[in-house]
Amino acid sequence: ARGGGGAAQPRGALDLAAVTARIKSTGAFRLYDTDGDGRITRQEFDTFLDDLSDVTADDVIGVPDGAGTGSAQARQKPSEASPEGGEPKQAKPEEQQQQQQQQDGGAASAAVGDAASAAGGGAGHCPELSKDMLQQFARDNTIMLTVCDWNIFGTMGINWVQHLKKQGITYWVVGATDSKTSEYLSSNEDRHPCFKFWEGDHDANAHGEYKYGSDHYREATWRKVTVVEKIVDWGFNVLHSDVDVIWFRDPLPYVIGPALANVDVAMSTDLISTQNDVGDEGLEVNVHQHVNFNTGVYFVKASPGGRYFMAKWAGLREKLVHDNDQTGLYQYVRGTPARQNNGLRRMELSGDPGSNIGLLSVAMLLNGYSYFIPQLHTAKKVEPLGAHMTWLPLSREGKFQRMRDGMLYNDPTEYYNGPKFLAAELDFPDSPADYNSWRDTESMIQYHLLNIDKQLVQVYRVMAIAVILNRTLILPKMQCFCYKNWFMMEQCRIPGDTVTQFPIECHFDQWLRPKVM
């Protein structure tokens with residue numbers, strides 16, 4: 001399916017034998033074969049396209065059984081064809097992942113399950129947090145911690161677990177904020193160390209969901225800090241990880257190795273770029289108190305400085321009851337006298353004994369922008385630890401689809417083995433040779449909109465053919481000359497990005513709304 005790129009072109013001639021067969025099978029051939037020659041001409045196909053704009057979802061779903069070239073499953077359940085990414089809709093993500101996990105059992109999973117059982121986490125519910133439980137599965141005196149409810153864990157959390165298994169990471173533990181997550185993690189099918197993370201009747205199930213900005217959310221962020229403080233005080237290093245982090249390799253050798261040897265704490269950030277040299281896999285070279293931290297990923301050592309840092313941070317809980325943990329972190333770090341030591345890549349917070357804090361380089365722990373758009377790890381020639389899916393559409397659906405764009409969401413094999421697919425390549429417009437040196441953001445936006453429209457004309461035709469042939473459309477790759485984001489933009493990039501060169505791959509969320517789809 002080509003045409004529409006560059007200057008406006010008429011609808012091109014098509015080999016419409018399959019189209020003709022499809023329309024015949026639906027009993028609608030006579031409506032479009034107006035000249036009675038037994039085939040569909042370009043003009044007749046144009047008429048079909050015009051009519052298609054008035055077709056409703058019910059009209060498409062109502063295609064008679066046996067029509068077209070799709071499989072029996074596709075004909076019987078047409079309502080399950082997913083518009084998101086063009087692939088057929090499968091079971092709910094949590095059901096898909098549970099099925100996949102049941103197939104993935106192995107010696108490592110069994111060993112972890114035994115540890116969970118011995119720690120008191122038998123089928124039913126996670127136990128209370130205890131030092132004994134952590135000792136049974138910590139590795140090199142370190143644990144990876146996340147806190148989650150089923151609203152998030154049932155999708156992103158299970159995907160997170162699948163990536164941990166892929167990397168052979170077994171030293172993780174989940175603080176379950178609701179009974180459903182607790183029951184899942186302590187089940188016989190896929191048992192893993194976990195602990196109850198709600199107080200009294202503050203089960204997230206009873207509060208709707210563990211929602212950003214809610215009182216329950218703010219309370220949970222602070223309880224998370226106090227839990228990390230307790231674990232560090234017990235003598236364990238803690239690597240905290242949100243469940244929308246994709247780990248590309250086991251981070252343990254890195255965090256307990258020479259790169260972090262001179263710090264007690266290593267925080268991730270919301271930076272877009274790094275000042276580190278090409279090939280530099282160390283901490284960020286330019287560290288200061290006013291950087292935008294991100295508490296989704298951080299590492300704390302069970303050192304005197306690490307214990308002091310967590311005690312000071314957690315101690316702000318009672319004072320900041322209307323703010324979350326990240327606000328508390330800013331108040332502590334930015335309100336404490338500190339010395340900037342660029343030689344050792346750390347800021348040295350005063351106190352007795354005080355703490356040494358470093359920043360994880362955004363090329364080593366990427367975010368959703370630096371991973372997908374400038375691909376900073378490639379530009380800097382480093383082997384990244386993982387990517388935290390921030391700087392993306394604010395909906396879960398947006399994160400899911402971006403993960404799928406990068407083949408980072410663990411859908412089961414059958415998700416990609418649907419009955420009948422249709423793929424297409426678009427013609428892309430040529431871009432001005434000096435486009436990446438343009439400085440007028442508004443001019444760049446207008447150029448982007450002009451050329452994305454030419455691509456959408458082609459996509460519309462491909463969608464029409466997919467409808468006629470009763471096939472699931474794999475959305476074609478598109479090119480963007482500007483990046484759309486919820487934050488401000490400069491030269492069509494997030495401020496600070498000096499690496500991105502246009503055109504770039506136009507991800508699903510750049511031209512469609514995943515949450516609506």
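**Exercise 1. A salt bridge across the chain**

Find the salt bridge that Glu281 makes in this predicted model, and work out what it ties together.

*Solution.* Start with the partner: the side chain of Glu281 meets that of Arg249 in a salt bridge, at 4.0 Å from N to O. Next, place the two ends. The pair links distant parts of the chain, with Glu281 in the loop between β6 and β7 and Arg249 in the loop between β5 (245–247) and α12 (252–255), 32 residues apart. Now check the cover on each side. Glu281 has a relative accessible area of 30%, so it is partly exposed. Arg249 has 19%, and because the cut-off for buried is under 20%, Arg249 counts as buried.

**Exercise 2. Other salt bridges**

How many salt bridges does the structure hold? Look at the ones made by Glu348 and Asp411, and say whether their residues are buried or exposed.

*Solution.* The structure holds twelve salt bridges. Take Glu348 to begin with: its partner is Arg346, and the closest N and O atoms are 2.8 Å apart. Both Glu348 and Arg346 turn out to be buried. Then go to Asp411, which pairs with Arg404, again with the closest N and O atoms 2.8 Å apart. Asp411 and Arg404 are both buried too. To finish, look for shared partners: Arg249, Glu281 and Glu383 are joined into one network by salt bridges.

**Exercise 3. Strand β6 and its neighbours**

Which strands pair with β6, and in which sense does each one run?

*Solution.* Begin with the strand itself. β6 covers residues 265–269, and five of its five residues are buried. Sort the side chains by direction: Val265, Met267 and Thr269 point one way, while Ala266 and Ser268 point the other. That's the pattern to expect, since side chains in a regular strand alternate between the two faces of the sheet.

Now for the neighbours. Strand β7 (residues 293–300) runs antiparallel to β6, and five bridges join the two. For a landmark, pick Ser268, whose bridge partner in β7 is Asn294. With strand β10 (residues 355–359), β6 pairs in the parallel sense over three bridges. Here Val265 stands opposite Ile357.

**Exercise 4. An enclosed helix**

Why is helix α14 described as largely enclosed by the rest of the structure, and what caps its N-terminal end?

*Solution.* Count the buried residues in α14 (residues 325–334): seven of the ten are buried, so the helix is largely enclosed by the rest of the structure. List them next: Asp325, Gln326, Gly328, Leu329, Tyr330, Tyr332 and Val333. Finally, inspect the N-terminal end. Asn324 does the capping, with a side-chain oxygen 3.1 Å from the backbone nitrogen of Gln326.

**Exercise 5. Arg402 and Leu394**

Compare the settings of Arg402 and Leu394: which is buried and which is exposed?

*Solution.* Arg402 is in helix α17. Its relative accessibility is 0%, so Arg402 counts as buried. Check what surrounds Arg402: its contacts beyond four places in sequence include Phe372, Leu392, Tyr483, His507 and Asp509. Gly368 is also touched by Arg402; these two are 34 residues apart in sequence, with 8.4 Å between their C-alpha atoms.

Leu394 lies in the loop between β12 (386–388) and α17 (396–405). At 75% relative accessibility, Leu394 counts as exposed. Then see what goes with Leu394 on the surface: together with Trp486, Phe487 and Met488, Leu394 forms a nonpolar patch of about 480 Å² of accessible area.

**Exercise 6. Backbone oddities**

Where are the peptide bonds from Asp352 to Pro353 and from Phe502 to Pro503, and what are their omega values? What is the phi of Asp140 and of Lys381?

*Solution.* Keep the background in mind: most residues other than glycine have a negative phi, and most peptide bonds are trans. Take the prolines first. The bond from Asp352 to Pro353 is cis, with omega near 15°, and Pro353 lies in the loop between β9 (346–349) and β10. The bond from Phe502 to Pro503 is cis as well, with omega near 0°; Pro503 is in the loop between β15 (479–480) and β16 (504–505).

Now the phi values. Asp140 has a positive phi, near 50°, and is found in the loop between α8 (131–137) and β1 (142–148). Lys381 has a positive phi of about 55°, and its place is the loop between α16 (376–380) and β12. Lys381 counts as exposed, at 64% relative accessibility.

Definitions and conventions: Residues are numbered from 1 along each chain as its sequence is written. This is a predicted model: local features need pLDDT of at least 70, side-chain atom pairs count only at pLDDT 80 or more; totals for chains, interfaces and linings use all residues. Side-chain values use heavy atoms; hydrogens and water are left out. Patches are made of residues with over 30% relative accessible area and no salt bridge: like charges are joined within 9 Å, nonpolar side chains (Val, Leu, Ile, Met, Phe, Trp, Tyr) within 5 Å. Accessible areas come from the Shrake-Rupley method with a 1.4 Å probe; for residues, only the protein chains shown count as cover. Helices (H or I, at least four residues) and strands (E, at least two) are DSSP runs, numbered from the N terminus. Buried means under 20% relative accessible area, exposed over 50%, partly exposed in between (1.4 Å probe, protein chains only). Two strands pair if DSSP finds at least two bridges between them. A polar contact is a pair of N or O atoms within 3.5 Å; within protein, one must be able to donate a hydrogen and the other to accept it, and residues adjacent in sequence count only if both atoms are side-chain atoms. Contact means heavy atoms within 4.5 Å.
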